[in-house]
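Hi,

Here is the structure I said I would pass on. Have a look at it first, and my notes on what turned up follow below.

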Amino acid sequence: MQAQEIVSKYFVKEHIGSIKIFNSKLIVTLKNEPEDINKAQKLKDELLSIDGIEKVSIIFSAEINTKPILPEDNNWKINGVKKIVAVASGKGGVGKSTTAVNLALSLSNLGLKVAIFDADIYGPSLPTMLGFENNAIISIDGKTFEPFPVFGVKATSIGAIISRDTPLIWRGAKACSTIEQLLTQTNWGEIDIMIIDMPPGTGDIQITLSQKILFDGAIIVSTPQDIALIDAVKGVNMFKK
């Protein structure tokens, strides 16, 4: 009996989100279904009887039915930028920044005018990945900043202001204020799409960016481990809310 048929014995079709197999691991996502540990364990045991399946993960998720929180009237103005896409993750170390950089470079190769902004203020990695780590950020008029033109993409990061060995011991308000200044006071020029490399998790910075910027899309990066997938679901639900 295949995975779909087994899952259907325990949960109705409307509550089955997805059934995916990665090598020998099977991942079942259930939506709008109250978490039932006993039922989930019985389902796991039966799914493990499928030939070639060595591990089963079951994830419970829920749709957010509350009214979306739209950007406020004083949302951040990023002049010249047409579309903005967030690249986020529920936890660190899953390849979020690598995905953001490769997405930006791929869009640039398609002929689009692309920018990438490093909002991962506590662990900026774009300067190292894009090769402007040892270059100081430039301000021609003393009021605005110039982005770094690298590989056909315009980029900037808090990592261009401080050394990578200096820890940022800032509370959320200070961090958000710095991100706003760097993001809105950079001379981006005409940009078709901006990629924002978000910090991992769902804290102050992520919430503020989601409220102050009307994103055109969000990409959640994860690895197949149970903990990473659970955190990824939280990230998806944050953007929905």
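Which residue does K96 form a salt bridge with, and how far apart are the closest N and O atoms? The partner is D197, and the closest N and O atoms sit 2.8 Å apart. Before you read too much into that, bear in mind that this is a predicted model.

On where the two sit: K96 belongs to helix α3, which covers residues 96-109, while D197 is in strand β8, so the salt bridge ties together parts that are 101 residues apart in sequence. Both ends are on the buried side of the 20% cut-off. K96 counts as buried because its relative accessible area is 6%, and D197 counts as buried because its value is 0%. There is also a third member to look at, since K96, D120 and D197 are linked in a network of salt bridges.

Now for the rest of the salt bridges. The structure has five of them, and two more are worth going through here.

One is between D192 and K82, whose side chains meet at 3.4 Å, N to O. This pair links distant parts of the chain, with D192 in strand β8 (residues 191-197) and K82 in strand β4 (residues 81-89), 110 residues apart. D192 has 21% relative accessibility, so it counts as partly exposed. K82 comes out as exposed, because its relative accessibility is 55%.

The other is between K83 and D216, where the N to O distance is 3.8 Å. Here too the pair links distant parts of the chain: K83 is in strand β4, and D216 is in the loop between α6 (204-212) and β9 (217-221), 133 residues apart. With a relative accessible area of 44%, K83 is partly exposed. D216 is also partly exposed, at 45% relative accessibility.

Last, a note on something other than charges. I207 lies in helix α6, and its relative accessibility of 37% makes it partly exposed. The C-alpha atoms of I207 and M238 are separated by 8.0 Å, and the two residues are 31 residues apart along the chain.

If you open just one spot in the viewer, I would go for K96 and D197, the buried pair that shares a salt bridge network with D120.

Cheers

Notes:
Residues are numbered from 1 along each chain as its sequence is written. This is a predicted model: local features need pLDDT of at least 70, side-chain atom pairs count only at pLDDT 80 or more; totals for chains, interfaces and linings use all residues. Side-chain values use heavy atoms; hydrogens and water are left out. A salt bridge is a side-chain nitrogen of Lys or Arg within 4 Å of a carboxyl oxygen of Asp or Glu. Helices (H or I, at least four residues) and strands (E, at least two) are DSSP runs, numbered from the N terminus. Buried means under 20% relative accessible area, exposed over 50%, partly exposed in between (1.4 Å probe, protein chains only).
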